[in-house]
Amino acid sequence: QVQVVESGGGLVQAGGSLRLSCAASGLTFSNYAMTWFRQAPGKEREFVTTIRWIDETTIYADSVKGRFTISKDNAKNTVYLQMNSLKPDDTAVYYCAAISRDDGGNDYWGQGTQVTVSS
């Protein structure tokens, strides 16, 4: 049984930092890219960042480049999203997803964690 569970969201003032965690289990990790998305109220879900488990290749959305860092802990099967210099525009529900690298493979999503940045 595959599980993807986010944690670490909360309320922070603008300029502050938060670290989100995404713990996954039941996957063959080398087949996946662990990816963070976010969805703000009234907006579509958008890509934030991704890390390929097999070689740690990372990609960031322009809006978070230089402020957010994705990393992983192989021993804990956990991916982290370190968010610094947070802005009110970063307020959203953040979702972690295991995105399959195989055509037709299944993707797995967490339930989301709320991040609220106050001005």
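User: Happy to look at this one with you! How many helices and strands does the chain have?

Analyst: Glad to help. In this predicted model, the chain has 0 helices and 11 strands. Reading along the sequence gives the pattern β-β-β-β-β-β-β-β-β-β-β.

User: What makes the chain as compact as a globular protein of that length?

Analyst: The radius of gyration is 14 Å, and the globule rule gives 14 Å for 119 residues. The value is close to the rule, so the chain counts as being as compact as a globular protein of that length. Along the principal axes, the C-alpha atoms fill a box of roughly 40 × 25 × 25 Å.

User: Lovely. What share of the residues is buried?

Analyst: Buried residues make up 43% of the 119 in the chain, where buried means under 20% relative accessible area. As for the surface, the chain exposes about 6,300 Å², and carbon and sulfur atoms supply 44% of that area.

User: Why is the link between Cys22 and Cys96 called a disulfide?

Analyst: The sulfur atoms must lie within 2.5 Å of each other. For Cys22 and Cys96 the S to S distance is 2.0 Å, and 2.0 Å is within 2.5 Å, so the pair meets the definition. A search of the whole structure finds 1 disulfide.

User: Why is that disulfide called left-handed?

Analyst: The torsion about the S-S bond of Cys22 and Cys96 is about -80°, so the disulfide is left-handed.

User: Which parts of the chain does the pair link?

Analyst: Distant ones: Cys22 is in strand β3 (residues 18-25) and Cys96 is in strand β9 (residues 92-100), 74 residues apart. Both cysteines are buried. On the scale of the chain, among contacts between residues at least 6 apart in sequence, 54% join residues at least 24 apart.

User: Strand β9 also holds Tyr95. Why is Tyr95 called buried?

Analyst: The cut-off for buried is under 20% relative accessible area. Tyr95 has 15%, so Tyr95 falls under that cut-off and is buried.

User: Which residues does Tyr95 touch, not counting those up to four places away in sequence?

Analyst: Tyr95 touches Glu6, Thr35, Trp36, Phe37, Gln39, Arg45, Trp109, Gly110, Gln111 and Gly112. As for Met34, Tyr95 is 61 residues from it in sequence and 10 Å from it in space, C-alpha to C-alpha.

User: And the charges: how far apart are their mean positions?

Analyst: The chain has 11 positive and 12 negative charges, and their mean positions are 5 Å apart.

Terms used. Residues are numbered from 1 along each chain as its sequence is written. This is a predicted model: local features need pLDDT of at least 70, side-chain atom pairs count only at pLDDT 80 or more; totals for chains, interfaces and linings use all residues. Side-chain values use heavy atoms; hydrogens and water are left out. Helices (H or I, at least four residues) and strands (E, at least two) are DSSP runs, numbered from the N terminus. The radius of gyration is taken over C-alpha atoms; the globule rule is 2.2 Å times the number of residues to the power 0.38. Buried means under 20% relative accessible area, exposed over 50%, partly exposed in between (1.4 Å probe, protein chains only). Contact means heavy atoms within 4.5 Å. Accessible areas come from the Shrake-Rupley method with a 1.4 Å probe; for residues, only the protein chains shown count as cover. Lys and Arg count as positive and Asp and Glu as negative; His and the chain ends are not counted. The place of a charge is taken as NZ of Lys, CZ of Arg, CG of Asp or CD of Glu.
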